[in-house]
Amino acid sequence: MDKFRMIFQFFQSNQESFMNGICGIMALASTQMYSAFDFNCPCLPQYNLAYGLGILLVPPFILFLLGFVLNNNISMLAEEWRRPRGRRGKDAAVLRYMCCSMAQRAMIAPVVWLSVTLLDGKCITCAFCTSVPLESLGNASQPRLSPGELQRVLARIPCKDIYNGQQLIANEVAVRYLRCISQALGWCFVLLMTTLAFLVRSLRPCFSQAAFLKSRYWSHYIDIERKLFDETCAEHARSFAKVCIQQFFEGMSTDLEAARCHLPRKAPADAGEAAEKLLGITDQGTMNMALKSWHRCKPPLHLHPPAQPNGNGWAGEGQPPTRPSAPQKETAAYYSWV
Amino acid sequence: MDRFRMIFQYFQSNSESVMNGICGLLALASVKMYTSLDFSCPCLPQYNMAYGLGIMFVPPIILFLCGLILNRQALVMLEEWRRPPGRRKKDPAVIRYMCSSIMQRAMVAPVVWIIVTLLDGKCLICAFSGSMDPQKFVGFANVSAEQVQQLLAKVPCKEDELMRNSSSRKAVSRYLRCWSQALGWSILLILIIAAFLARWLRPCFNQATLLQARHWSNYIDIEQKIFEETCCEHSRLFAQQCILHFFESMQQEIKLHSFSLPREGEGAEGGEGLLQGITDQDQVNKLLKTWYYEKPPLDVSQAHQR
């Protein structure tokens, strides 16, 4: 139980660590998406390049934007950027830090997709099969084909079951060649990205470390402040609603008293607590009226101040002292917490 | 037990996060539904398009309606929209905010279905194989017009004897699948760009109004919950009073009709109090019969004026 609480708190304590979690999940999701996706090369001359490069480049772009969309910090950044100055200055360094940190995290899933695609090889094979070097890989005795026909035959290389150019160039040879190039590209890409990440991490402290620490602190602060504000508003709304509903029920029973000239509502001492809890509503007709009034005529969003206690004190009247001062107590609690 | 309570509390702390959770579950359910669906194209000229497009568009409508049904906020919004103003003004910005947030969440599962359908390709192959131009594909070029329609309609069925090893069938299938996947990725790209722009540009327009609308929509939700809790608590107490009153009135009736010994026995006070003066089989039977045939009125005001 403590373990779970610790894990939850760890992830939620910091927006950054929460985003790290999401980032990891998205990287896993991108590999899962690639393996679940049914790659289907069209094997037609004009379509191969578009399809292959499309599958190579469009999903990373989508994943990059998705990384931004899922990051709550983006609205925080936009808000901080667009807010009027007011009584608090704006620091461009903080905005730049937030932007960089978001972009770095959003880049991980696309990089994973690109690496996996290149290492697998299907996209490059599909896109560049028409550009295979026939002079070095093709068979010596090749029949003369028109360029259009040649393109059509070469375009079918990725589709083994409809390939009909075995005399021109063996299918396995072409596929191996293209796959080898694709994997070389993939490994180079991974090496490049890793080197870049390493350089960024290790060289950063050499440049304006103090300014970096400041930006990081204030960007965390803005995040925490926004969360606290939302929590305070939610807490306030809850208290507001409680008092509003209480006053609604009180108002209802006062109206009924005035209309019916009933015996005094102050119940005898022994049934005091239950009667008070029943909020003065003790029969079906009254309850129906209360429910109807709740829908037809909701109370205004305006809590009136509590009734003043009369000079006799409350002891003899059977009315507990807590209720009239409840609004005040709520307000006091709210202010003192802030 | 504590663990579950904590997880529940985490999700219920904010009704927005509950809605996000439901939205995610519906999206997962839609993917699972698609993978377990046994797609079987009829492979007949008139039926293919209806079946293919039907499978592509009817489940999203169902998922959209499910998303609206499962969303508690939809009812709250409708109530807020239809209530008479009374003593509290209605704020159209709040209603618009609630409506747009409900629609966005309800749209996620249908969009996931459509995209998964397009990326898989079977629906489009089934629907549009009959609309292909036979001249583009070698195997269909020299066939008579009616025959070609029949053949094209059979393209989605790999197991058909005519089509089993036909390379033209595979070519048509590949071609349509390529278009289907391109369409799927394009739609996904457009939607993500729209979502990104919406998130990025929203604070530039009326941020203060948005904060207000969000606060008051949250408030309306909380108020409704607290009202229901108060009513529940009230009805519990009401029921308690009503039943107590009933037992007391039964006790009085029994006292009038029977000549039993006085109630106050030594050391039996506590137990007797709980038994409400009903201490043998006949009395209990009478009480139960009266409870069924003559339920007490819904009025406990007399209970306080003894």
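A pocket here is an open set of points on a 1 Å grid over the protein atoms alone, with protein on both sides within 12 Å along at least five of seven lines, and its lining residues have an atom within 4 Å of a point. Grid points are joined across faces, edges and corners, and a volume is the space filled by probe spheres set on the points.

All views come from a predicted model, where local features need pLDDT of at least 70, side-chain atom pairs count only at pLDDT 80 or more, and totals for chains, interfaces and linings use all residues. Residues are numbered from 1 along each chain as its sequence is written, chains are lettered from A and ligands numbered from 1 in the order in which they are written, and side-chain values use heavy atoms, with hydrogens and water left out.

**View 1. The second largest pocket, with about 1100 Å³ of space.** Its lining has 24 residues, and A:Cys100, A:Gln104, A:Val200, A:Arg201 and A:Arg204 are the ones nearest the centre. In chain A, α2 (15–36), α5 (92–106), α6 (108–120), α10 (171–203) and α11 (209–260) each give two or more residues; helices are DSSP runs of H or I with at least four residues, numbered from the N terminus. The top contributor is α5(A), with 7 residues. Sorted by class, the lining of this pocket has 14 nonpolar, 4 polar and 6 charged residues (Ala, Val, Leu, Ile, Met, Phe, Trp, Tyr, Cys and Pro count as nonpolar, Asp, Glu, Lys and Arg as charged, and the others, Gly among them, as polar).

**View 2. α4(A) against α5(A).** These two helices pack at about 155°, with axes 10 Å apart (axes are lines fitted to C-alpha atoms over the stretch in contact, and angles run from 0 to 180 degrees between N-to-C directions). That is why they count as roughly antiparallel, a label for angles over 145 degrees. The crossing is left-handed, meaning that the near helix is turned anticlockwise from the far one by less than a right angle; clockwise would be right-handed. On the α4(A) side look for A:Asn73, A:Ile74, A:Met76, A:Leu77, A:Glu80 and A:Trp81, which meet A:Leu95, A:Met98, A:Cys99 and A:Met102 of α5(A); contact means heavy atoms within 4.5 Å.

**View 3. α4(A) meets α8(B) across chains.** The axes of α4 (residues 73–82) of chain A and α8 (residues 167–201) of chain B come within 8 Å and cross at roughly 40°. So α4(A) is oblique to α8(B), the class left over once angles under 35, over 145 and from 65 to 115 degrees are taken out. A:Ile74, A:Ser75, A:Leu77, A:Ala78 and A:Trp81 touch B:Phe196, B:Arg199 and B:Trp200. That contact splits into 6 nonpolar, 1 polar and 1 charged.

**View 4. The largest cavity, about 90 Å³ of space in chain B.** A cavity is a set of points where a 1.4 Å probe fits but cannot get out, and the model has 6 of 30 Å³ or more. Lining this one are B:Met19, B:Ile22, B:Cys23, B:Leu26, B:Gly67, B:Asn71, B:Arg105, B:Ala106 and B:Ala109. Two elements of chain B, α2 (15–36) and α5 (92–120), give two or more residues each, and α2(B) gives the most, with 4.

**View 5. α2(B) alongside α5(B).** The pair packs at about 20°, axes 9 Å apart, so α2(B) is roughly parallel to α5(B). Their crossing is right-handed. Residues making the contact include B:Met19, B:Cys23 and B:Leu26 of α2(B) and B:Arg105 and B:Ala109 of α5(B).
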